[in-house]
Amino acid sequence: MSILQSSSFGVDSSLVRHVRDDAGGVDWCFMHANPPQLYHPCFSERLLNELKRSQEGIRRTLAADNDPHAGIHHLVLASDADVFNLGGDLALFSKMIRNGNRGRLLDYAKLCVEVAFNFSRLYEDRVHSIAVVQGDALGGGFESALCCNTIIIEEGAGMGFPEVLFDLFPGMGAYTFLTRRVPAARAEQMMLDAKVYGARELLEMGVVDMVVPRGEGLNAARELIRKHKRIGNALRSMNAVRQACKPVSLEELLSVTTQWVDAAMRLNDRGLRAMERLVRAQQKRAASVYGGGEQVSLVG
């Protein structure tokens, strides 16, 4: 049995439950932990900053490991909520757009893509990231799953991009990462149809890697990690090959998200009112069904 160390990096009420399994070479990052009352499980600035601190902690740990034969390290992204993530902080978007505060919106967007880039390529070829999607992943939630190397989704969960409902497009990595899994035409269709795709449909399209029964996502991740330990050198090589053949650069992500900010600042009142209706719907849903989330043991 591995020895697990739980850390919130000095913040007792952290929204990220970070469990480090040093013996197994795994970091488990659970979003939406320790939620305040009426919490909205989206990518708030607070959640993004805490995820970034977790990523930086992992990077420092790996940098201190000078073993040239070190194997693959796993980073698992999951959620303590009943959803994976509902996406960007739409209430913040609406406020910044109505106030004409482009700089603040751009800062938020840059933070989003930095976190996304880290999940895709945290430390050279050493890290294999796994998204465990146990509830809906919408907008930025879908993007955060896409930037991981492997996506495991449970039956009953769905993923999609609702941004077109308020005349915007998903601009925090959707095109970059989705076109590495499906043809560009299909990616553009998915980014503009506002459809929430079911688990089996996503598997058939090649968007996700595994569909498992409800409640089995974390077990599936543990089993995958166990299998990966036997092929750690091969996985490191594949990470390097993937980056060489289909590179993901932070510069590309920042360029796209700057376009997203410009598009957001052009939204008219009709688009903003549609965004605000979606905010209210999400907040109502969160108030009625969201709980603190049961913390699941990572070792069987």
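**Close-up views of a predicted model**

**Figure 1. Surroundings of Arg126 in the predicted model.** Leaving aside residues up to four places away in sequence, Arg126 touches Leu62, Asp65, Ala70, Gly71, Ile72, His73 and Arg236. Arg126 itself is placed in the loop between α3 and β5 (127-133). With a relative accessible area of 8%, Arg126 is buried.

**Figure 2. Asp80 and its polar contact with Arg17.** Asp80 belongs to the loop between β4 (73-79) and α2 (90-98). Its relative accessibility is 5%, so Asp80 counts as buried. The side chain of Asp80 forms a polar contact with the side chain of Arg17, at 2.9 Å.

**Figure 3. Helix α2 and the residue Gly100 that follows.** The buried residues of helix α2 are Leu90, Leu92, Phe93, Ser94, Met96 and Ile97. After α2 comes Gly100, which has a positive phi near 70°.

**Figure 4. Packing of helix α1 with helix α3.** Two packed helices are described by the angle between their axes and by the distance between those axes. For helix α1 (residues 45-63) and helix α3 (residues 102-120), the axes come within 10 Å and cross at roughly 35°. This crossing of α1 and α3 is left-handed. On the α1 side, the residues in contact are Glu45, Leu48, Asn49, Leu51, Lys52, Gln55 and Arg59. They meet Arg104, Tyr108, Leu111, Cys112, Glu114, Val115, Asn118 and Phe119 of α3. Sorted by class, the contact of α1 with α3 comprises seven nonpolar, three polar and five charged residues.

**Figure 5. Salt bridges between α1 and α3, with Glu45 and Arg104 as one pair.** The side chains of Glu45 and Arg104 form a salt bridge, with an N to O distance of 2.6 Å. This pair links distant parts of the chain, as Glu45 lies in helix α1 and Arg104 in helix α3, 59 residues apart. Glu45 is partly exposed at 26% relative accessibility, and Arg104 is partly exposed at 31%. A further salt bridge joins the side chains of Lys52 and Glu114 (2.7 Å, N to O). Lys52 lies in helix α1 and Glu114 in helix α3, so this pair ties together parts that are 62 residues apart in sequence. Lys52 is partly exposed, having a relative accessible area of 23%. Glu114 also counts as partly exposed, with a relative accessibility of 25%.

**Figure 6. Packing of helix α3 with helix α10.** Helix α3 also packs with helix α10 (residues 250-265), at an angle of about 145° and with the axes 9 Å apart. The crossing of α3 and α10 is right-handed. From α3, the contact involves Arg102, Leu105, Leu106, Ala109, Lys110, Val113, Glu114 and Phe117. These residues meet Leu250, Leu253, Leu254, Thr257, Thr258, Trp260, Val261, Asp262, Ala264 and Met265 in α10. By class, the contact of α3 with α10 contains 12 nonpolar, two polar and four charged residues. Glu114 of α3, listed here among the residues that meet α10, is also listed among those that meet α1.

**Figure 7. The salt bridge of Lys195 with Glu201, and a network of salt bridges.** The structure holds 15 salt bridges. In one of them, the side chains of Lys195 and Glu201 meet at 3.0 Å, N to O. Lys195 is partly exposed, with 36% relative accessibility, and Glu201 is partly exposed, with 29%. Elsewhere, Arg98, Asp269, Arg273 and Glu276 are joined into one network by salt bridges that share partners.

**Figure 8. Asn34 and Asp167, two residues with positive phi.** Asn34 is a residue other than glycine, and its phi is positive, near 45°. Its place is in the loop between β3 (26-31) and α1. At 40% relative accessibility, Asn34 is partly exposed. Asp167, likewise not a glycine, has a positive phi of about 65°. The loop between β8 (158-160) and α5 (174-178) contains Asp167. With a relative accessibility of 59%, Asp167 counts as exposed.

Methods: Residues numbered from 1 in each chain as written. Predicted model: local features only at pLDDT ≥ 70, side-chain atom pairs only at ≥ 80, totals over all residues. Heavy atoms only, no water. Helix = DSSP H or I, 4+ residues; strand = E, 2+ residues; numbered from the N terminus. Buried < 20%, exposed > 50% of the residue type's maximum accessible area, 1.4 Å probe, protein only. Polar contact = N/O pair within 3.5 Å; in protein donor to acceptor, adjacent residues only side chain to side chain. Axes fitted to C-alpha atoms, helices over the stretch in contact; angles between N-to-C directions. Left-handed = near helix turned anticlockwise from the far one by under 90°. Contact = heavy atoms within 4.5 Å. Nonpolar A, V, L, I, M, F, W, Y, C, P; charged D, E, K, R; others polar. Salt bridge = Lys/Arg side-chain N within 4 Å of Asp/Glu carboxyl O.
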